[in-house]
Amino acid sequence: MAIQWFPGHMHKAGLEIKKKLPEIDLVIEVLDARIPFSSANPMLSKLRGDKPCIKLLNKTDLADPEMTATWQQYLEQEQGVKTLAISAQQHDCRQVILQLVTEMLPDVTSSVRKIQAMIMGIPNVGKSTLINTLAERQIAKTGNEPAITKMQQRIKIDNVMVLHDTPGVLWGNLENPGTGYRLAVSGAIKETAFENEDIALYAAAYLLKQYPEALQQRFNLDTLPENETALLETLAVKRGCLRAGGMPDLERISKILLTELRAGKLAPITLETPQMMETELVELEQIRAEKAEKKALRKQKKNR
């Protein structure tokens, strides 16, 4: 199933970001540490160009710590950015971020003017909570539902920095199917854009492969089912999610699995690896090439 979700205000936000960027010294992009690749909007990367950039891998308390370190190394080497692994709950989060910002821009820091930083991120990566932490007051509205922030705002952070907030922006065409699924699993896309059972099956297949021990421990399984469908059926029986006649209620158990996964109740889990992403990008290029070839053939036939 192709997952697409692009509210109208996000298109407007993209235009506003592009207009504002010439005034900006530094871009801070907030990522979900569970999906560092899928939560990075490629449109934002193009918009910022060669602006200095910090990628904050947020929600590290929910992510696999070994994979978070692997992702930091990958992003810094491959993309030439600085990274920080953070959690909104850590007490020194604000200090660590401000220190890195000033270290990256020594010329601006030593001048009389404040650093102009733009904070970006797709919905539900914890951007608003982070802004409130930096500002040390309730500035941005927060919530578990994606797409809370709808307009830009400027926030003064001590005498160091002015933070330009932007709405969470997804991109209009999620070409890579895996990206769409992982965004949905993490909660970055509203449930109206997908079916819980479809997303839960994707998550179940990944967990069986990458985190089998976490599944066994959380759901008290002696052995693991052979595939994702069998896993959901087994979990439905375990949790009493049954329809009339004792049939597994896959919709109910899908919601339970996704809710517990998002809350970190299974284990600290990361939903993608750099190797996975490189493989998917190669496959995506092949898909694009095939589409371009078909389009050229259609055009050639039309012109005959």
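Is Cys 93 buried or exposed, and what is its relative accessible area? In this predicted model, Cys 93 has a relative accessible area of 1% and is therefore buried, since the class takes in residues under 20%. Cys 241 is likewise assigned a relative accessible area of 1%, and is buried. A search for disulfides that covered the whole structure returned 0.

Burial also characterises strand 1, which spans residues 26-32. Of the 7 residues in this strand, 7 are buried, so strand 1 is largely enclosed by the rest of the structure. The enclosure can be followed on each side of the strand, for both of its faces are covered: one side carries Leu 26, Ile 28, Val 30 and Asp 32, the other carries Val 27, Glu 29 and Leu 31, and all of these residues are buried. Asp 32 and Glu 29 are thus listed on opposite faces of the strand, each among buried residues.

The pairing of strand 1 involves strand 2 (residues 53-58), to which it is joined by 6 bridges in a parallel arrangement, and strand 4 (residues 115-120), with which it pairs, also in the parallel sense, over 4 bridges. Individual residues can be placed within these two pairings: Leu 31 is positioned opposite Leu 57 of strand 2, whereas Val 27 has Met 118 of strand 4 as its bridge partner. Leu 31 and Val 27 both belong to the face of strand 1 that also holds Glu 29.

Turning to the helices, helix 7 (residues 177-186) packs against helix 12 (residues 274-302) at an angle of about 140°, the two axes lying 10 Å apart. Because an angle of about 140° falls outside the range of 65 to 115 degrees and is not over 145, helix 7 is classed as oblique to helix 12. Gly 178, Thr 179 and Arg 182 form the helix 7 side of this contact, while Met 276, Met 277 and Glu 280 form the helix 12 side. Sorted by class, the contact comprises 2 nonpolar, 2 polar and 2 charged residues.

With helix 11 (residues 250-262), helix 7 crosses at roughly 80°, and the axes come within 8 Å. This crossing angle makes helix 7 roughly perpendicular to helix 11. Here Ala 184, Val 185 and Ser 186 of helix 7 meet Leu 258, Leu 261 and Arg 262 of helix 11. The class composition of the contact between helix 7 and helix 11 is 4 nonpolar, 1 polar and 1 charged residues.

Definitions and conventions: Residues are numbered from 1 along each chain as its sequence is written. This is a predicted model: local features need pLDDT of at least 70, side-chain atom pairs count only at pLDDT 80 or more; totals for chains, interfaces and linings use all residues. Side-chain values use heavy atoms; hydrogens and water are left out. Axes are lines fitted to C-alpha atoms, for helices over the stretch in contact, and angles run from 0 to 180 degrees between N-to-C directions. Angles under 35 degrees count as roughly parallel, over 145 as roughly antiparallel, 65 to 115 as roughly perpendicular and the rest as oblique. Contact means heavy atoms within 4.5 Å. Ala, Val, Leu, Ile, Met, Phe, Trp, Tyr, Cys and Pro count as nonpolar, Asp, Glu, Lys and Arg as charged, and the others, Gly among them, as polar. A disulfide is a pair of cysteine sulfur atoms within 2.5 Å. Buried means under 20% relative accessible area, exposed over 50%, partly exposed in between (1.4 Å probe, protein chains only). Two strands pair if DSSP finds at least two bridges between them.
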